[in-house]
Each structure stands twice: as C-alpha cells, then as structure tokens.
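Here is a short tour of a protein chain, written for someone who likes to follow along in the viewer. Have the sequence and the structure open side by side, and let us walk through a few places together.

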Amino acid sequence: LGFVERTLARAAPTELGIDLKVVDLLDDAAERVKSVEDPGVQASLYHSLARTQSALGRPRVAEALLREGLDQSKGRLDALDAQRIQLQLLLVDVLLTLSEFAEIDARASELAAALEVTRGRFDSQTLQVRTWAIRGLQETGQVEQALTRLEALIAEVEPALGPGPDLATLLNTQARMLMRARRDEASIASFRREIAVRAAYGDADPRPVVNATGAPLMMAAARGRYDEVLVGLDAYEALIVERMGPDAPHLLNAHVMRMKALWKQGQFEAAVALGRTAVPAAERRLGPRHPLVLNLSNQMAMAMGEGGEHAASLALLSANRAVRAAVMGAGEPDVLLTMAQEAVQMAALGRHADALRLLAEARAGIRPDRIVEVWAAVPHELDLAEARILRVSGDLQQALAKAGSALNGLTALYSDQDALSTDAARELTRILERLGEVEEAAAIHARFPLLAQTPAPLP
C-alpha cells in the first residue's frame, strides 16, 4: 500500500494533462488490486486509484473503480466502516462531475444516514452529503422540493451551529440554486446573508466576496443583458486582482463572460483578440483539458463564427469537442451542443448535408433517461441550430418551424427575459424578415426588447 500511494503521489494528479506512463501504471494497479486479500487495504487502494483517475480527467474510469471497490467490500466490510464510507463519498462526488443526477439523491441520502451515525447530524461531511442529495433533486427537475429541503436544512443548522463555515456553505448553495432557478433577487439576498455570516466569524477567505460580487454579472449574462455585463466587468476584474491576485481562476471566468458579451453585441474582433491572449495563457497554467480552458476556447470559436471566420471556428470547435468527449464522455450535453455549433459553421461553409448529418448525430446522443435539469434545454437548442442551418441552406419554411419550436420550448423552460429565449427569438425574426413577414418580425422584437441590444444579423 505504501509503495502504491507514494507512486500515485508522484503522478501529480492535480495537473490535468495525462502522462501516458502514469495511466498505464494506474491501469495495471487496478488489475492487481482485485487480488488484495485485506478488505480495508483493498478499499483504500480503490479509493486512491479512483481519486487519481478523477484528478487526471478520467471520471468514467474513476466511477468504474469505485463501483468495483464497493462491490468487492460488500459483505467484507461493515456498512459503517470508514473505508467503505470513503468510497461512497468519492463516488457521489464523481457522479456530480458526470452529471449522473438521477442516482445522486438516493445514494447521497443513504450515505448521509450512515454519516449521521458515525459522525453526527451536524458534522461538516454529513451536511455536505445532505446538500448533494438536495442538488440531485434540483437537477432532476424537482426544484421546489429541493429549495424547500435546503431552506429547512438551513433553519435547522443556524440555531444549532450559529455563524460558521457550515452555515455559510449552505447559504452559498442556496444562492446558486436560486440563481439557476432564475430567482435573481432571492439569490442575491442569500449571497448577502452568506457574506454577513462569514464576516460574523471572521472568515478572511476572499473568494466568497468575489463570488457574491460576480453573481449579478452572471445573472445578467444568463438573462441576455450583455450591456450590463460589459459595464460591470472592469470593476469585477479589478476586485479579483486586488483580493486574489492576477492568477486567480475567477479572472478566467470573467474573461469567458467578457468574450461572450462582446461577440453577442457584435464586437467580434475584440472578442477574438481577447481569446487569442486568454486561451494560450490559460492552457499554460491549467492544461488543455481544464473546463475553464474549454469554455474560453468555445467562446473564442463562437466569436470567430459569428464574425465570419467559419473555417477557423469549425476547427476550434472540433478540437474542443474532442477534448470534452475524452474527459466527460461523448454523450454529455456540452459535447452535443458543441456538435450543434460545429454543424452551424459547416452550413455557413456550404456543407449543408454534412451539417444536418452531424446535427442528427447530436440528436441521437440525447438520452431520454437523463432529461433532467441540466439536459432540459438541449433538444430546444438543437432545434435552434437546425433552424439556422435550414435558413442558410434556403429552406425557410422548415427553418421557421424549427425556430418556432425552439422559442416555445425555451420560453416554457425559462422566460421571455432569458438569453437562450432571446437567441431563439433573434433567429425567428431573421427567418420572418427573409420571408417578408415584416409585421410578425416586429411583433417578436416588441416581445423581446433585449433584441435591440444585439447587432444586425449576419447573412
């Protein structure tokens, strides 16, 4: 055990680029661990291997190891054994990474019950797992039940523990869940409560204040109010540098917001110029597989495509998708949406048949068993991509039907005052104008005032 743990420590798992020799070592160790006789040692080895695989950007491999470890320890270790609980904790964490939310509520609830016995009802780990179970509810569409359970948990914890890290973490979770639910004022109120709690117990960590300051900008971006984003970003980036330094990951998130706001408002060259600086710098610091790097390169690709650099956009999107598929699996929502973005660029290059084939492949990747919160918009976003492809290829009536379907689906999920809904409305007006339906296009503009912020559509 000592040899393997020392070897894994030398693998530098916090660096997300994979050393093939290390991967070979890990795969060989995974075979050998099956023959370890001591169940406690075996469980510890499975945990070490899975943790390292997850850190190396191989969450599916980590998931398989953890399930195998739990199967091997069943009947050999007590249900409340510390090693078995560690395997369960890491499995739930990996499932969150993989967006396998349908399983999380039941698994996390069972684990929380075990932790309550071994560590206590208000232990930090117990509270974290109870929060994971609540997040599983939200992601499977049970938003009201999730928010109600979280509010009850906060009401239980606050008098029992008072101001402290656990209460602050719960309030942060509540603020983020409310933001996802498009309840902006309630979300901001929870962020403010979190900051007050942290101030009460003297938390010197700058991240909560930075996160709370950035939250209104993220909300504005999600609602399509990109002018507000650009107005507020300079002060936000200055705060990040002041509180956390110039290498803080939060600054990369701010770059993502800035790039998107720039190209959404027609400033394509400025967005691409930022990307040409920010993407290579982020790759050097974090490696090409890091989510922030992938988000940055995706926004750069979108800016290129909207600005007319379709071939460059397509090449960058294809590279981005290959990395996302290798890290998360080919059927993840971000992978499917990147395929749709690629298809739009193919159509702009005149490759209409290829575009429709790729989009059909993306649709085939939708898993009906996983139409949960994180997946809910995907079918409608694919409809929107198909509308763009059909419009470019000249099939305006079919394009009109797809754009209408996308708009109806997205407004039902969110509202008229949402970035995705506004994108669908923009596409619908383009098609209506091409068809000469000026009055209908004007009615859409009146319904979606955020369209006035955006530039005139490209051909």
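## Helix 15 and what follows

Our first stop is just past a helix: Gly308 comes after helix 15 and has a positive phi, near 100°. Please keep in mind throughout that this is a predicted model.

Helix 15 itself covers residues 291-306, which makes 16 residues. From its first C-alpha to its last it reaches 22 Å, close to the 22 Å expected at 1.5 Å a residue. Is this helix largely enclosed by the rest of the structure or largely open? It is largely enclosed, because 14 of its 16 residues are buried.

## The nonpolar cores

Helix 15 also takes part in something bigger than itself. The largest nonpolar core of the model holds 37 residues, and Val229, Leu233, Tyr236, Ile240 and Leu296 have the most contacts inside it. At least two residues of this core come from each of helix 11 (207-222), helix 12 (226-244), helix 13 (249-264), helix 14 (268-286) and helix 15. Which helix gives the largest share? That is helix 13, with 9 residues. As background, nonpolar side chains tend to be buried together in soluble globular proteins.

To see the packing from one residue, pick Val229: beyond its sequence neighbours up to four places away, Val229 touches Leu217, Ala220, Ala221, Met257 and Ala261. Another core, of 35 residues, lies apart from the largest one, and its members include Ala50, Leu66, Val94 and Leu111.

## Arg258 in helix 13

Staying with helix 13, we find Arg258 there. Is Arg258 buried or exposed? Its relative accessible area is 15%, and buried means under 20%, so Arg258 counts as buried.

What does the side chain of Arg258 meet? It makes a polar contact with the side chain of Asp234, at 2.8 Å. Setting aside neighbours within four places in sequence, Arg258 is in contact with Leu230, Leu233, Asp234, Glu237 and Leu274. Leu233 has already appeared among the residues with the most contacts in the largest core. For a sense of scale, the C-alpha atoms of Arg258 and Val157 are 38 Å apart, with their positions 101 residues apart in sequence.

## Arg321 and Glu342

A second arginine with an acidic partner sits in helix 16 (residues 310-328), and this is Arg321. The side chain of Arg321 makes a polar contact with the side chain of Glu342, at 2.3 Å. Leaving out neighbours within four places, Arg321 is in contact with Val335, Thr338, Met339, Glu342 and Leu358. Its C-alpha lies 35 Å from that of Gln125, a residue 196 places away along the chain.

Glu342 belongs to helix 17 (residues 333-348). Glu342 counts as buried because its relative accessibility is 2%. Beyond its neighbours within four places, Glu342 is in contact with Leu314, Leu317, Ser318, Arg321 and Leu358. Leu358 thus contacts Glu342 and also Arg321.

## Helix 9 and the loop after it

Helix 9 (residues 165-180) has 16 residues and reaches 23 Å from first C-alpha to last, close to the expected 22 Å. Its buried residues include Leu167, Ala168, Leu170, Asn172, Gln174 and Met179. Helix 7 (124-139), helix 8 (143-161), helix 10 (184-200) and helix 11 are among the elements that cover the buried residues of helix 9.

Most residues other than glycine have a negative phi. Just after helix 9, however, Arg182 takes a positive phi of about 65°, although Arg182 is not a glycine. Arg182 is placed in the loop between helix 9 and helix 10, and its relative accessibility of 29% makes it partly exposed.

## A charge over a ring, and Ser421

Where does Arg182 lie relative to Tyr414? It lies over the face of the ring, at 4.0 Å from the ring centre. As for pairs of aromatic rings, the count comes to 0.

Tyr414 leads us to Ser421, a residue of helix 21 (residues 419-434). Ser421 is buried, with a relative accessible area of 0%. Apart from residues up to four places away, Ser421 touches Leu407, Leu410, Thr411, Tyr414, Ser415, Asp416 and Phe448. Tyr414 therefore links our last two stops, as a contact of Ser421 and as the ring beneath Arg182.

Note on methods. Residues numbered from 1 in each chain as written. Predicted model: local features only at pLDDT ≥ 70, side-chain atom pairs only at ≥ 80, totals over all residues. Heavy atoms only, no water. Phe/Tyr/Trp six-rings, centres within 6.5 Å; stacked < 30°, edge-to-face > 60°. Lys NZ or Arg CZ within 6 Å of the ring centre and 35° of its normal. Helix = DSSP H or I, 4+ residues; strand = E, 2+ residues; numbered from the N terminus. Buried < 20%, exposed > 50% of the residue type's maximum accessible area, 1.4 Å probe, protein only. Contact = heavy atoms within 4.5 Å. Polar contact = N/O pair within 3.5 Å; in protein donor to acceptor, adjacent residues only side chain to side chain. Expected span 1.5 Å × (residues − 1). Core = buried A, V, L, I, M, F, W, Y, C linked by side-chain atoms within 4.5 Å.
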